[in-house]
Amino acid sequence: MNAKLLATLVTAAAASLCAQSVSSRPGSTAEQINQMWSRGQAQGDAPVKLQSFPLRLDDIGYIIPLGNMQSGHTTPSDHLYLVPKGAVNQGRGSMGGGRPPGQGTGVDTRDFSQLYDVVAVADGYIVMLQWRPNPQGGQAKYDPSVFDRAVDLKVFIEHSAHVWSYVDHLIEVDAAIMKQVPGGVQPGQPVNVRIPVKAGQVIGKIGNQTFDFALIDTSTMRKGFIKPAQFLQRDPQKPHVVDPFDYIDEPLRGELIKKDARKVPPYGGRIDYDIDGKLIGNWYEQGTGGYAGLNRRIDYWVGHLSIVYHHLDPKIIVFSIGRYDGRAAQFWVKGNNPDPATIGEQAGVVKYELIHGQLGSSGQPQMRPGGEQVQGTALVQVLADGKLKFEAFPGISGEQVQGFTEKAKLFER
């Protein structure tokens, strides 16, 4: 199998169908998503209210909101993570694809035989299923935050003509649902179906591993993306991702927020920070294919750069760099200033020293050796044409950096 075909297969369902929908030239991203996930059959205009999260309340250890950045998730993640109670504080795993983000001792004591029901959050139709195959060498070869597993399933549910949810990284889909899938689901391309489900109905299983949950409402549009069209070729739902807590009534909402690692509004987190003419937000290195990456490569994030705020504590500045010393990496800023929302063309060249943070993903302190030690330096300059000049200096302190070199790159929105 050649590399280009493999890249296509391992891309998420949204990406793999996006080329088809783009060729049909839908009038909006909302129409594109309807075609991509529901084949244009989405129905129902009534407001959608969630009856639960995909894990039942008693099975949730904690909830990680939108906006996490870790390894290949260089731009803020457009899905929440649900951590089952048996995966809390186990090992030192990561977020994406199922490793629990914890403050453990490094010894993984999870019981992988323990399974949890994953349920539909509201009435609707399962419209697409995908079994994501592992590339040669495993997903972690490209993104260390991804948990390699033999079975890796994603389920999309349509709740109305403009609201969908999905859950990702399930280890099985319920047998009663699979009986209604002609030919079943095999690793590779997504399978379109239209299977009715009720709120609370079991749709699959997850073990003691973190998994993804997102809610999309195409009747809304996030205002913090300067160029939402960046997502058309991969993840066109991103500008329409919403905070699930806004779709849940009390008292359940309050009980779920107690499980949320973020303690300030918006409790579901945030992913859109762009301000025109300012440093803050998402940037893409010129010539690397923008958000989608060139040739739909697996590690599409290599040209990404996000300078935003921490998903749990929005006071903390985070530099998330898609290519830093040969890998994707995330850092805090020593001294936590200047605020990137205040940095524009007038500021000229600005220097940031980068450090490792000490806030765990569950919101608890996570001590890291040398957490305050400078790991490198970043130089930034917002240019008059709306572009950004950027260069990272791994392992070099700010006082040693005198200015940009020939390795500096230009980034754009």
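H240 is buried in this predicted model. Its relative accessible area is 3%, below the 20% limit, so H240 counts as buried. K278 has a relative accessible area of 27%, which lies between 20% and 50%, so K278 counts as partly exposed. The points below take these two residues, then the cores, helix α3, some paired strands and the empty spaces.

**H240**
- H240 sits in the loop that links β10 (211-217) to α5.
- Leaving out residues up to four places away in sequence, H240 touches T29, A30 and I33. The same count also gives L215, I216, D217, T218, T220 and M221.
- T29, A30 and I33 are also among the buried residues of α3.

**K278**
- K278 lies in the loop between α5 (252-258) and β11 (281-285).
- Neighbours within four places in sequence aside, K278 is in contact with W283, P340, A341, T342, I343, G344, V382 and R413.
- The C-alpha atom of K278 is 8.5 Å from that of G386, although 108 residues separate the two along the chain.

**Nonpolar cores**
- The largest nonpolar core has 61 residues. The members that touch the most others are W37, L50, F53, I126, V155 and I203.
- F53 has contacts that include I60, I63, L80, L82, V119 and V121, with neighbours within four places in sequence left aside. Further contacts of F53 are F213, P244, F245, I248 and L256.
- Another core, of 28 residues, lies apart from the largest one. Among its members are M69, I307, I321 and F390.
- In soluble globular proteins, nonpolar side chains tend to be buried together.

**Helix α3**
- Helix α3 spans residues 29-38 and is mostly covered, with eight of its 10 residues buried.
- The buried ones are T29, A30, Q32, I33, N34, M36, W37 and S38.
- W37 also belongs to the largest nonpolar core.
- R39 follows α3 and has a positive phi, near 50 degrees.

**Paired strands**
- Strand β15 (residues 350-355) pairs with strand β14 (residues 327-333) in the antiparallel sense, over two bridges. Here V333 stands opposite L354 of β15.
- β15 also pairs with strand β16 (residues 374-382), again antiparallel, over six bridges. In this pairing I355 has V374 of β16 as its bridge partner.

**Cavities**
- The whole structure holds three cavities of 30 Å³ or more.
- The second largest cavity contains about 50 Å³ of space.
- Its lining consists of F225, K227, Q230, F231, D274, N282, Y284 and R413. By class, that is three nonpolar, two polar and three charged residues.
- R413 is in this lining and is also a contact of K278.

**Second largest pocket**
- The second largest pocket holds about 340 Å³ of space. Of its 17 lining residues, R323, F390, A392, K407 and K409 are the closest to its centre.
- β13 (317-324), β17 (388-394) and β18 (409-412) each give at least two residues to the lining. The largest share, five residues, comes from β17.
- The lining divides into nine nonpolar, two polar and six charged residues.
- F390 lines this pocket and is also a member of the core of 28 residues.

Definitions and conventions:
Residues are numbered from 1 along each chain as its sequence is written. This is a predicted model: local features need pLDDT of at least 70, side-chain atom pairs count only at pLDDT 80 or more; totals for chains, interfaces and linings use all residues. Side-chain values use heavy atoms; hydrogens and water are left out. A nonpolar core is a set of buried Ala, Val, Leu, Ile, Met, Phe, Trp, Tyr and Cys residues joined through side-chain atoms within 4.5 Å. Buried means under 20% relative accessible area, exposed over 50%, partly exposed in between (1.4 Å probe, protein chains only). Contact means heavy atoms within 4.5 Å. Helices (H or I, at least four residues) and strands (E, at least two) are DSSP runs, numbered from the N terminus. On a 1 Å grid over the protein atoms alone, a cavity is a set of points where a 1.4 Å probe fits but cannot get out, and a pocket is an open set with protein on both sides within 12 Å along at least five of seven lines; lining residues have an atom within 4 Å of a point. Grid points are joined across faces, edges and corners, and a volume is the space filled by probe spheres set on the points. Ala, Val, Leu, Ile, Met, Phe, Trp, Tyr, Cys and Pro count as nonpolar, Asp, Glu, Lys and Arg as charged, and the others, Gly among them, as polar. Two strands pair if DSSP finds at least two bridges between them.
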